[in-house]
Amino acid sequence: TVLPGFWQVAGLSASVEVAVASLSGRLSGGAVELAWTASAAGSFEGFNVYRGEGGLPDRFEKLNESPFGSAGENVYLDESALPGRTYTYQIGAVQGEREFLSSTLSVSLPEIPLTLYQNYPNPFNPSTSISFYMPGPDRVRLEIFDVQGKRIRTLADRQFETGRHTVHWNGLNEAGASVSSGVYLYRLVAGKSSLTRKLVVMR
């Protein structure tokens with residue numbers, strides 16, 4: 001049973017406790033960070049995070065696999081939110097077989113261009129993650145070069161859809177041997193655009 005707004009049905013003369021007292025959202029590194037305060041008196045098993053577009057309840061989807069969090073402050077990072085979209089969020093407080101929904105919150109994300117993020121960790125040993133954002137579907141080539149411009153490894157050469165993607169590098173060259181410590185370049189080519197950053201291998 002999903003009940004909007006309150007975790008407790010009160011008589012006309014009783015005060016009504018709100019399951020989620022506050023809900024806020026902000027942009028954090030390209031993702032949407034949601035924060036809410038839950039009632040300490042609710043005895044909730046956890047919370048669900050719902051997201052929709054257009055504000056229609058039947059189009060909301062649950063983002064988490066199982067209820068999480070507790071009374072007090074809670075935070076959820078929606079890393080699947082896409083730039084240029086407006087989303088509506090709602091928190092569900094789970095109590096037994098019932099779920100009490102918070103008020104809704106709308107968050108608009110600005111458009112961003114093709115972006116190549118700094119790898120993490122950096123410096124690294126033995127592996128690192130390289131993330132990039134695609135403003136539209138396109139063929140992508142992601143390669144590692146040494147500082148002399150010699151190609152060391154091709155990490156990706158295929159079609160990618162709109163959104164943020166992550167590719168991992170294990171510090172090996174095309175022959176499967178570990179590269180030596182030092183500074184390397186990673187280059188992203190998508191369509192007619194090319195972006196390059198530096199990374200450091202530390203053995």
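**View 1. Ser-131 sits in strand β11, which covers residues 128-134.** The model shown here is predicted. Ser-131 has a relative accessibility of 10%. Buried means under 20%, so Ser-131 counts as buried. The side chain of Ser-131 makes a polar contact with the side chain of Thr-166, at 2.8 Å. Thr-166 belongs to a wider set of contacts of Ser-131, counted beyond four places in sequence. That set also holds Thr-115, Leu-116 and Tyr-117, along with Arg-164 and His-165.

**View 2. Two cis peptide bonds precede prolines in the loop between β10 and β11.** Strand β10 spans 115-116. Pro-123 lies in the loop that links β10 to β11. The bond from Asn-122 to Pro-123 is cis, and its omega is near 0°. Pro-126 is found in the loop between β10 and β11 as well. The bond leading from Asn-125 into Pro-126 is cis, with omega near 10°.

**View 3. Four strands form an open, antiparallel sheet.** The strand order is β13-β12-β15-β16. At the edges are β13 (151-160) and β16 (193-201), each paired on one side only. From one strand to the next, the twist averages 15°. In general, backbone hydrogen bonds pair the strands of a sheet, in either a parallel or an antiparallel sense.

**View 4. Strands β12 and β15 run antiparallel and are joined by seven bridges.** Strand β12 takes in residues 138-146, and β15 takes in residues 182-190. Which residue of β15 stands opposite Glu-143? It is Arg-187. Arg-141 faces a partner in β15 too: Val-189 stands opposite.

**View 5. Strands β15 and β16 make a hairpin with two residues between them.** The two strands pair in the antiparallel sense, over nine bridges. Ala-190 has Ser-193 of β16 as its bridge partner. In this hairpin, Gly-191 takes a positive phi, near 65°.

**View 6. The largest nonpolar core has 22 residues.** Six residues have the most contacts inside this core: Ile-130, Phe-132, Leu-142, Ile-144, Trp-169 and Leu-199. Strands β11, β12, β13, β14 (163-169), β15 and β16 each give two or more residues to the core. A second core, of 21 residues, is separate. Val-32, Phe-47, Tyr-89 and Leu-105 are among its members.

**View 7. Leu-199 touches residues from several stretches of the chain.** Neighbours within four places in sequence are left aside here. Among the contacts of Leu-199 are Ile-130, Ile-144 and Trp-169, which also rank among the best-connected residues of the largest core. Other contacts of Leu-199 are Asn-119, Asn-122 and Phe-124. Leu-199 also meets Gly-182, Val-183, Tyr-184 and Tyr-186. Asn-122, one of these contacts, is the residue before the cis bond to Pro-123.

**View 8. The whole chain has 16 strands and zero helices.** How much of the chain is buried? Of the 203 residues, 38% are buried. Contacts between residues at least 6 apart in sequence were also tallied, and 54% of them join residues at least 24 apart. The accessible surface comes to about 11200 Å². Carbon and sulfur atoms account for 50% of that surface.

Methods
Residues numbered from 1 in each chain as written. Predicted model: local features only at pLDDT ≥ 70, side-chain atom pairs only at ≥ 80, totals over all residues. Heavy atoms only, no water. Pairing = 2+ DSSP bridges. Axes fitted to C-alpha atoms, helices over the stretch in contact; angles between N-to-C directions. Buried < 20%, exposed > 50% of the residue type's maximum accessible area, 1.4 Å probe, protein only. Polar contact = N/O pair within 3.5 Å; in protein donor to acceptor, adjacent residues only side chain to side chain. Contact = heavy atoms within 4.5 Å. Core = buried A, V, L, I, M, F, W, Y, C linked by side-chain atoms within 4.5 Å. Areas by Shrake-Rupley, 256 points an atom, 1.4 Å probe, with all protein chains shown as cover.
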